[in-house]
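Reader: I should like to learn how to read the features of a protein model. May we go through them in order?

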Amino acid sequence: MTPEEYERWMIRDCARCGRRASKSAEWSDGPICRTCYERAMRVRGCCPGCRADRLLPGRDTTGTPICRDCAGISRDFFCDRCGFEGLLLCGRLCERCTLADTLTRLLDDGTGRAAPSLQPLVTALLEMDRPKSRLIWLRNPNVVRLLRDLATGSIPLTHDGLNQETPGEPSLTCVTC
């Protein structure tokens, strides 16, 4: 696709913020930019239209958040694994399921599962709010290296092991300290 074609087919004025950007969705209120799309995927509550407690990505004529069914949004936002309704990432998985898969892969001790000694870390990371922030944290190559080395035993899972590896860095700290 040429830059001109991309501009013609993909760039729109966002119906929510008015910014000219690449559209992420075309909903009943118009084209939606990525920022507004991700913001809409975080709005939950009781839909004023149907009274269901769920994700509220749509908007009614007054701008009030409503569920996808009341907004006429045909796309569903349910995770293919756990059924949670929210922002979906690769493979139609929610952020938490994607985080669980990423942690399992990074902390694999050679058995295809996270090292048992690191299971409390996995549990703590999965229970935190906003799993996407953990996914962003896991993009850091130093964090990835540290977690893989902890999983394989290259770095001992002790205070001394962590302190030797990351002196003064807050990339991974003991949750009991």
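Author: The following turns move from the overall fold to single residues. Please keep in mind that this is a predicted model.

Reader: How many helices and strands are there in the protein chain?

Author: The protein chain contains eight helices and nine strands. Its C-alpha trace spans about 60 × 45 × 30 Å along the principal axes.

Reader: What radius of gyration does the protein chain have, and what value would a compact globule have?

Author: The radius of gyration of the protein chain is 21 Å, while a compact globule of 177 residues would have one near 16 Å. Contacts add to this picture: of those with a separation of 6 or more, 29% are between residues 24 or more positions apart.

Reader: What share of the residues is buried?

Author: A residue is called buried when its relative accessible area is under 20%. In the protein chain, 37% of the 177 residues are buried. The chain exposes about 10500 Å², and carbon and sulfur atoms supply 52% of that area.

Reader: Which residues have the most contacts inside the largest nonpolar core?

Author: They are Leu103, Leu107, Leu118, Leu138, Leu147 and Leu150, in a core of 20 residues. Helices H4, H5 (119-127) and H7 (141-152) each supply at least two residues of this core. H7 gives the most, with six residues. There is also a second, separate core of 19 residues, which includes Cys14, Ala25, Tyr37 and Ala40.

Reader: With which residues is Leu118 in contact, leaving aside its neighbours within four places in sequence?

Author: On that basis, Leu118 touches Leu107, Leu147, Leu150, Ala151 and Leu157.

Reader: Is Thr98 buried or exposed?

Author: Thr98 counts as buried because its relative accessibility is 15%, and the limit for a buried residue is under 20%. Thr98 is placed in helix H4 (residues 95-106). Apart from neighbours within four places in sequence, Thr98 is in contact with Leu89, Leu93 and Leu135.

Reader: Let us turn to the surface. Which residues make the nonpolar surface patch of about 360 Å²?

Author: That patch is made by Met1, Tyr6 and Trp9. Tyr6 belongs to helix H1 (residues 3-10). With a relative accessible area of 35%, Tyr6 is partly exposed.

Reader: I turn next to charged side chains. How many salt bridges does the structure hold?

Author: The structure holds 13 salt bridges. In one of them, the side chains of Glu95 and Arg42 meet at 2.8 Å, N to O. Glu95 lies in helix H4 and Arg42 in the loop between helix H2 (34-40) and strand S4 (44-46), so this pair ties together parts that are 53 residues apart in sequence. As for their surroundings, Glu95 is buried, with a relative accessible area of 9%, whereas Arg42 is partly exposed at 31% relative accessibility.

Reader: Where do Arg92 and Asp80 lie?

Author: The side chains of Arg92 and Asp80 meet in a salt bridge of 3.5 Å, N to O. Arg92 is in the loop between strand S8 (88-89) and strand S9 (93-94), and Asp80 is in the loop between helix H3 (68-71) and S8; the two are twelve residues apart, and the pair links distant parts of the chain. Arg92 is partly exposed, with a relative accessible area of 30%, while Asp80 is exposed, with 55%.

Reader: Which residues are linked in a network of salt bridges?

Author: Arg54, Arg68, Asp69 and Glu85 are linked in such a network. Elsewhere, the side chains of Glu26 and Lys23 form a salt bridge at 3.3 Å, N to O. Glu26 is partly exposed at 47% relative accessibility, and Lys23 is partly exposed with a relative accessible area of 25%.

Reader: One last topic is the backbone. What phi does Arg51 have?

Author: Most residues other than glycine have a negative phi. Arg51 is not a glycine, yet its phi is positive, about 70 degrees. Arg51 sits in the loop between S4 and strand S5 (53-55) and counts as exposed at 59% relative accessibility. Arg130, likewise not a glycine, has a positive phi of about 55 degrees. Arg130 lies in the loop between H5 and helix H6 (131-137), and at 53% relative accessibility Arg130 counts as exposed.

Methods: Residues numbered from 1 in each chain as written. Predicted model: local features only at pLDDT ≥ 70, side-chain atom pairs only at ≥ 80, totals over all residues. Heavy atoms only, no water. Patch = residues over 30% accessible without salt bridge, like charges linked within 9 Å, V, L, I, M, F, W, Y side chains within 5 Å. Areas by Shrake-Rupley, 256 points an atom, 1.4 Å probe, with all protein chains shown as cover. Salt bridge = Lys/Arg side-chain N within 4 Å of Asp/Glu carboxyl O. Helix = DSSP H or I, 4+ residues; strand = E, 2+ residues; numbered from the N terminus. Buried < 20%, exposed > 50% of the residue type's maximum accessible area, 1.4 Å probe, protein only. Contact = heavy atoms within 4.5 Å. Rg over C-alpha atoms; globule rule 2.2 N^0.38 Å. Core = buried A, V, L, I, M, F, W, Y, C linked by side-chain atoms within 4.5 Å.
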